[in-house]
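Let's walk through this model together, beginning with one element and its neighbours and then stepping back to the whole chain. Please have your viewer ready.

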Amino acid sequence: MAHLDVHDSGEGTAVALLHGLTATHRYVVMGSKALERSGHRVVAYDARGHGQSDPAEPYDYRALADDLRRVLDERGIDRAVLAGASMGAHTLLRFALEHPERALALVVITPAYDPDDFPGDLVRWDALADGLERDGVEGFVEAYGPITGPWAETTEKVLRQRLSLHAHPAAVAQALRQVPRSRPFEELSQLAALAMPVTIVASRDEADPGHPLSVGEAYARTIPGARLVTEDEGSSPLAWQGGRLSRVIADAAA
């Protein structure tokens, strides 16, 4: 069983934070401590093969959801607010569909999985994996291609920062190949079974085209009573603003 790098701090209602593919635990609320200060126990961890966690195949949503269950079990947490970005969002949805009694509330941040467009552009994911294996961070950035738009500089800087934090880059490359080939759930209609409070945090497409606003909107339409939040037009994505995102998560916990 792979060792996972878990950070557990604060007291109060438990909030589990799950990051996206190629990120680490610090890239959900961007290092903000607002949740701890507002009376929450925050459990954040590096997914298998990412950050300081051990490599462990397979990198699919069944395994990722099992890891979430283990993290909660090992800390004696029966129920938690689950907040995750991209891969982390899809992981918590799979977990909540399988174990609804364990989710107090869900905060689904920048989901990208569209069951009707699965598996999407695998050539691109494989190119990113090849680039990372071949030339590390530089190879990944080269395969990523030109970054344009008003947030290009920030996007490239964060990309380089977060890719440099992995103890096992070869494992991240394997995750880049396997995660996009895995379905967190089969059909969008399955999300209608989620009865806990759900908040969807979606980004506008000009800043974050990899996580289409339309996907967040579709999730929000399907999940009963779901709340959809996004940044104002022309602003940087809410998902990139740790303090503001922490307030959204705290609202969900309340």
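A good place to start in this predicted model is helix α2, whose buried residues pack against β1 (6-9), β2 (13-18), β3 (40-45), β4 (80-85) and α3 (87-98). Which residues of α2 are the buried ones? They are Tyr61, Ala63, Leu64, Ala65, Asp67, Leu68, Arg70, Val71 and Leu72. As you look along them, keep in mind that an α-helix has 3.6 residues a turn, so residues three or four places apart point the same way.

The length of α2 is easy to check. The helix covers residues 61-74, and because each of its 14 residues should add 1.5 Å, a span of 20 Å is expected; the end C-alpha atoms are indeed 20 Å apart. After α2 comes Gly76, with a positive phi near 65 degrees.

Now zoom out. The chain's secondary structure comprises eight helices and seven strands, and its C-alpha atoms fill a box of roughly 45 × 40 × 35 Å along the principal axes. A compact globule of 254 residues would have a radius of gyration near 18 Å, so the chain's 17 Å agrees with that picture. Of the 254 residues, 52% count as buried. Taking contacts between residues at least 6 apart in sequence, 76% join residues at least 24 apart.

Finally, have a look at the outside and the charges. About 11,200 Å² of the chain is exposed, and carbon and sulfur atoms supply 48% of that area. The chain carries 25 positive and 37 negative side chains, with the centres of the two sets 4 Å apart.

Terms used. Residues are numbered from 1 along each chain as its sequence is written. This is a predicted model: local features need pLDDT of at least 70, side-chain atom pairs count only at pLDDT 80 or more; totals for chains, interfaces and linings use all residues. Side-chain values use heavy atoms; hydrogens and water are left out. Helices (H or I, at least four residues) and strands (E, at least two) are DSSP runs, numbered from the N terminus. The radius of gyration is taken over C-alpha atoms; the globule rule is 2.2 Å times the number of residues to the power 0.38. Buried means under 20% relative accessible area, exposed over 50%, partly exposed in between (1.4 Å probe, protein chains only). Contact means heavy atoms within 4.5 Å. Accessible areas come from the Shrake-Rupley method with a 1.4 Å probe; for residues, only the protein chains shown count as cover. Lys and Arg count as positive and Asp and Glu as negative; His and the chain ends are not counted. The place of a charge is taken as NZ of Lys, CZ of Arg, CG of Asp or CD of Glu. The expected span of a helix is 1.5 Å times one less than its number of residues.
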